[in-house]
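Q: Please take a close look at one part of this structure for me, the sheet, and then carry on through whatever else stands out. Keep it relaxed, but don't skip the details.

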Amino acid sequence: SDHMENICGYLMKYTNLVTGWQYRFFVLNNEAGLLEYFVNEQSRHLKPRGTLQLAGAVISPSDEDSHTFTVNAASGEQYKLRATDAKERQHWVSRLQICTQHHTEAIGKNNPPLKSRSFSLASQGSANSPGVQRRPSQNAVSFFNVGHRLPTGKRVPIMQPDHLVDVREMMSQAEGQQRDLIRSIECLPVSGNITSLDQDLLMLKATSMATMNCLNDCFHILQLQHASQQKGSLPAGTTISWLEPKISLANHFKNGAAQNFPAEINKPASVREEQSIAEPCQLTREPEEINSDEELEDICDDKEDDLGAVEEQRSVILHLLSQLKLGMDLTRVVLPTFILEKRSLLEMYADFMSHPDLFIAITNGTTPEERMIRFVEYYLTSFHEGRKGAIAKKPYNPIIGETFHCSWRMPKSDVATDAAPSPSEQVTLSKDTEDQTELDYYTVKFVAEQVSHHPPVSGFYAECVERKMCVNACIWTKSKFLGMSIGVTMVGEGLLSLLEHGEEYTFSLPCAYARSILTVPWVELGGKVNINCAKTGYSASINFHTKPFYGGKLHRVTGEVKQNTTNTVVCRVQGEWNSILEFTYSNGETKYVDLTKLSVTRKRVRPLEKQGPFESRRLWQHVTESLRDGDIDKATEHKRALEERQRNEERLRAETETPWCTKYFLKEGDGWVYHKPLWKTVSGVQTQQTDTN
């Protein structure tokens with residue numbers, strides 16, 4: 001009750017595509033449970049321009065930025081609002097949620113549900129009898145009679161468990177009718193006046209499934225409310241979360257029909273090979289030293305610019321959307337093959353290193369300030385090449401134990417340097433590096449491994465021995481369904497070590513969004529990331545801005561580098577992460593970087609015949625070849641074989657209580673670290689040299 005004060009103030013309200021966002025004066029009337037708005041503060045004594053009943057409403061902060069939130073009334077009306085900053089949004093959201101909860105509970109107490117008989121369909125005949133057909137005049141509330149009184153005006157006791165059982169029975173019958181509807185649509189011919197691929201019927205399938213999912217969520221909330229009535233209140237920390245779908249998504253790729261794969265004897269040899277690869281833990285898990293001389297310059301150029309498949313498979317996307325819910329975790333959802341890129345997620349991480357000259361140049365900075373600015377420059381230029389084309393497609397989900405190796409060779413003359421030759425280039429680390437120092441190029445080596453399946457965690461490591469620098473990161477990818485887009489959060493942290501300077505830089509990664517998934521999908525980055533160097537006291541704050549609902553630019557990024565001790569900004573950056581970046585320094589100088597004209601150094605990869613069975617390109621080669629040929633069915637078959645094998649192996653490990661053994665990365669705290677990082681190798685060599693001297 002201490003927080004039930006009335007509040008008022010200006011918020012931006014989204015009106016429509018033409019008008020866009022407009023400032024309006026909002027008033028929260030806690031006593032009446034109303035959210036009202038006026039054109040301005042001076043007109044608040046007049047009739048409100050709009051009013052929302054908050055009882056039963058849902059207040060939802062936006063996942064895509066820190067200012068926007070929505071108020072979804074029980075009537076179906078919605079206000080899309082935007083505060084001036086995150087603090088003000090939190091103030092409004094918390095007060096609205098308190099008011100909503102208070103008035104929703106009050107209605108529940110004053111209007112208890114009906115007796116169990118009124119909920120039961122069994123007493124009204126079979127599911128096909130006229131007695132259960134909705135009359136045109138009935139609305140959803142009167143159909144379920146939830147939260148209303150008996151016609152006689154008599155009150156009934158608090159809801160008892162048997163009432164919930166009857167609700168569940170009624171919903172089960174509704175689910176059965178919905179399944180019958182789906183089957184009826186799918187039994188229609190594929191050609192003629194009305195077909196199973198009719199866009200209206202596909203939309204009906206999608207919306208009916210979404211409706212049943214929402215009703216299941218509501219039933220879940222009723223159960224929690226009943227539990228709170230029995231115990232007095234919900235336990236501390238209890239949350240109401242989205243329920244998982246009851247239907248296997250894997251069986252709905254082809255217009256709702258299950259995939260019918262040929263019998264084992266008819267499977268291609270490549271599929272039988274994929275299924276017969278031995279259990280990973282039975283293979284040697286000893287780390288393998290990759291000879292970079294065996295690696296050849298990559299000639300593969302799989303640009304993802306084909307829109308045909310997306311349009312042709314629109315019905316499949318609708319099937320998929322019909323079974324997803326807002327906020328649902330997509331980690332365990334098997335997505336259709338045609339939306340896949342022709343590379344593994346592990347290789348995508350490697351493609352973020354496609355400008356090794358900028359990476360190596362970081363350690364050549366003469367001052368801590370310059371090195372931090374160079375790292376920010378490298379960081380911001382890495383995302384453009386990490387995307388293959390403008391179309392949003394998804395890389396393969398790596399299977400546990402999968403690895404990817406590659407390297408880059410960078411002519412020393414192409415690396416920017418403001419300093420004298422580094423002492424690190426004169427230090428003999430081993431016989432290999434002794435030979436390397438005589439060469440006219442630097443070598444950057446990269447290795448990645450899928451260290452966990454649930455949750456999906458990837459570790460990757462890159463090093464340049466000659467420059468005594470390395471980067472280690474472990475990333476947990478979390479995907480969520482956001483309606484007409486999919487959001488991917490990169491949970492984890494990376495560590496760049498400049499051993500020559502004794503500096504460590506921690507950094508995070510932005511979120512990625514696949515927008516317009518029903519039409520032409522495209523990629524957007526969003527969120528705030530931080531780069532910090534504890535030793536020097538320099539830090540960088542970078543914001544990847546998502547496009548506003550109306551107006552604004554795409555792919556915008558802003559950031560600043562500052563000295564924490566003095567709170568002095570030494571560099572500002574703005575622009576687009578896939579186009580032109582503008583760096584403005586404290587001395588007034590400005591530098592422009594056109595990412596579209598930056599030279600890309602091709603990675604070097606071993607030929608397939610020299611790769612191990614769990615290296616990405618060899619592991620996924622048949623899927624990739626089928627996608628290149630445009631044979632989606634064949635690609636799906638190979639992909640399914642790999643996934644089925646992974647499930648069988650996971651089941652076997654669980655039954656035998658055999659832990660998974662990683663190959664290149666070791667668990668340290670909450671993260672994963674490469675088994676032989678450069679900071680251990682260099683310190684060990686230097687210690688030996690000291691002892692010798």
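What is the strand order in the open sheet of 7 strands, and in which sense do the strands pair?

A: Keep in mind that this is a predicted model. The order across the open sheet is β4-β3-β2-β1-β7-β6-β5, and the pairing is antiparallel. Its edges are β4 (50–53) and β5 (58–61), each of which has a pairing partner on one side only. Going from one strand to the next, the twist averages 35°.

Now zoom in on β1 and β7. Strand β1 covers residues 7–14 and strand β7 covers residues 78–82; the two run antiparallel and are joined by 2 bridges. Across that pairing, methionine 12 faces arginine 82 of β7. Arginine 82 is worth a second look, as its charged end sits over the ring of tryptophan 21, 4.1 Å from the ring centre. As background, side chains in a regular strand alternate between the two faces of the sheet. A similar kind of contact turns up elsewhere: the charged end of lysine 478 sits over the ring of tryptophan 476, with 4.9 Å to the ring centre.

From there, on to the rings. There are 20 aromatic pairs in the structure. One of them joins phenylalanine 375 and tyrosine 378, with centres 6.5 Å apart and planes at 15°, so the pair counts as stacked, the cut-off being under 30 degrees. Both residues belong to helix α11 (residues 368–386), where they are 3 residues apart, or about one turn of the helix. Phenylalanine 375 has 3% relative accessibility and therefore counts as buried. Tyrosine 378 is buried too, with a relative accessible area of 8%. Another pair, phenylalanine 665 with tyrosine 674, is edge-to-face: 5.7 Å from centre to centre and 65° between the planes. Phenylalanine 665 and tyrosine 674 are both buried.

Phe375 and Tyr378 also belong to one aromatic cluster, whose other members are Phe352, Phe359, Tyr379, Phe383, Tyr505, Phe507 and Phe544.

The edge-to-face pair leads to a hairpin. Strand β25 (residues 665–668) pairs with strand β26 (residues 671–674) in the antiparallel sense, over 4 bridges. Glutamate 668 stands opposite glycine 671 in β26. The hairpin has 2 residues between its strands, and glycine 669 takes a positive phi near 65° there.

A helix is worth a stop as well. Helix α15 (residues 632–656) has 25 residues and reaches 36 Å from its first C-alpha to its last, close to the 36 Å expected. Its buried residues include Ala635, Ala641 and Leu642, but also charged side chains, among them Glu637, Lys639, Arg645 and Arg653. Just after α15 comes glutamate 657, with a positive phi of about 55°.

Last, the cysteines. The structure has 0 disulfides. Cysteine 533 is at 2% relative accessibility, so it counts as buried. Cysteine 571 counts as buried as well, at 2% relative accessibility.

Definitions and conventions. Residues are numbered from 1 along each chain as its sequence is written. This is a predicted model: local features need pLDDT of at least 70, side-chain atom pairs count only at pLDDT 80 or more; totals for chains, interfaces and linings use all residues. Side-chain values use heavy atoms; hydrogens and water are left out. A disulfide is a pair of cysteine sulfur atoms within 2.5 Å. Buried means under 20% relative accessible area, exposed over 50%, partly exposed in between (1.4 Å probe, protein chains only). The expected span of a helix is 1.5 Å times one less than its number of residues. Two strands pair if DSSP finds at least two bridges between them. Rings of Phe, Tyr and Trp (its six-membered ring) pair if their centres lie within 6.5 Å; planes under 30 degrees apart count as stacked, over 60 as edge-to-face and the rest as tilted. A charge sits over a ring if NZ of Lys or CZ of Arg is within 6 Å of the ring centre and within 35 degrees of the ring normal. Axes are lines fitted to C-alpha atoms, for helices over the stretch in contact, and angles run from 0 to 180 degrees between N-to-C directions.
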